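Subject: Structure for you to look at

Hello,

Here is the structure I said I would pass on. Please open it first; my notes come after it.

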Amino acid sequence: MNYKIITLPSYRAVGLKWEGTFSEIVPNLKNVIQQVKDRADELENRVNPNVQLGLSYHVIENGFEHYAVYEVSEEQEIPEGMIEIRVPEWTYVMTTHNKGEDIQKTYTDLHQWLFDSDYTAFREASVDYYDPYMPIKHEYYPSNQDPNDPHFDIYIPIVKK
């Protein structure tokens, strides 16, 4: 696996929020992700219309909050039923999950890289997280991906140990 350290500027994103336990992911989370994709045309001011974001925060015991969103400019109105999230400037370790690979293995390898590196996962001070290793996971899904065998980029916010 290839890993890059990258700092991304803060950004604004709009879409739908889902929260629940790991046992509720199928089909609920996939439905929310599809709803955002279906409603993408309502977001006229998408910064990169070909990339849907999946922003996961492990703030629920045995589950997480997930934002299925698109990055948008400040001019974008928030369509009815959608929400906005602002992501601060963070430094990330970035890697790519490729088609045909096991997603669990991609994350296991990433966890091992973090363990062996000079970095640790970033945690917001005032937030209780339930994942001790990667409490925040951002995934960037290209619009041309196969949902049954996806490829996507993974960004984990990090800080120096």
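The notes below go through a helix, the nonpolar cores and two loop residues.

Please keep in mind that this is a predicted model.

Helix α1 covers residues 25-38, which is 14 residues. From its first C-alpha to its last it reaches 19 Å, close to the 20 Å expected at 1.5 Å a residue. Three residues of α1 are buried: Leu29, Val32 and Val36. They sit on the same side of α1, because the arc they cover around the axis is only 55 degrees. As a general point, an α-helix has 3.6 residues a turn, so residues three or four places apart point the same way. The buried residues of α1 pack against three strands, β2 (11-21), β3 (51-60) and β4 (63-72). On the face turned away from that buried side, α1 carries the exposed residues Val26, Lys30 and Asp38.

Next, the cores. In soluble globular proteins, nonpolar side chains tend to be buried together. The largest nonpolar core here has 18 residues, and Leu55 and Tyr57 touch the most other members. Two or more residues each come from β2, β3, β4, β5, β6 (90-97) and β8 (136-142). Strand β3 gives the largest share, 4 residues. If you want one residue to centre the view on, take leucine 55: leaving aside residues up to four places away in sequence, leucine 55 touches Tyr11, Glu65, His66, Tyr67, Val69, Ile85, Val87, Lys137 and His138. There is also a second, separate core, made of 13 residues, with Val14, Trp18, Val32 and Val72 among them. Val32 is also one of the buried residues of α1.

Two loop residues are left. Serine 117 is in the loop between α2 (103-116) and β7 (119-121). Is serine 117 buried or exposed? Its relative accessible area is 12%, and since buried means under 20%, serine 117 counts as buried. A polar atom of the serine 117 side chain lies 3.0 Å from the backbone oxygen of leucine 114.

Glutamate 77 is in the loop between β4 and β5 (83-87). With a relative accessible area of 63%, glutamate 77 is exposed, because the cut-off for that is over 50%. The C-alpha atom of glutamate 77 is 8.9 Å from that of glutamate 44, although the two residues are 33 residues apart along the chain.

Regards

Notes. Residues numbered from 1 in each chain as written. Predicted model: local features only at pLDDT ≥ 70, side-chain atom pairs only at ≥ 80, totals over all residues. Heavy atoms only, no water. Buried < 20%, exposed > 50% of the residue type's maximum accessible area, 1.4 Å probe, protein only. Polar contact = N/O pair within 3.5 Å; in protein donor to acceptor, adjacent residues only side chain to side chain. Expected span 1.5 Å × (residues − 1). Arc of directions from axis to C-beta. Contact = heavy atoms within 4.5 Å. Core = buried A, V, L, I, M, F, W, Y, C linked by side-chain atoms within 4.5 Å.
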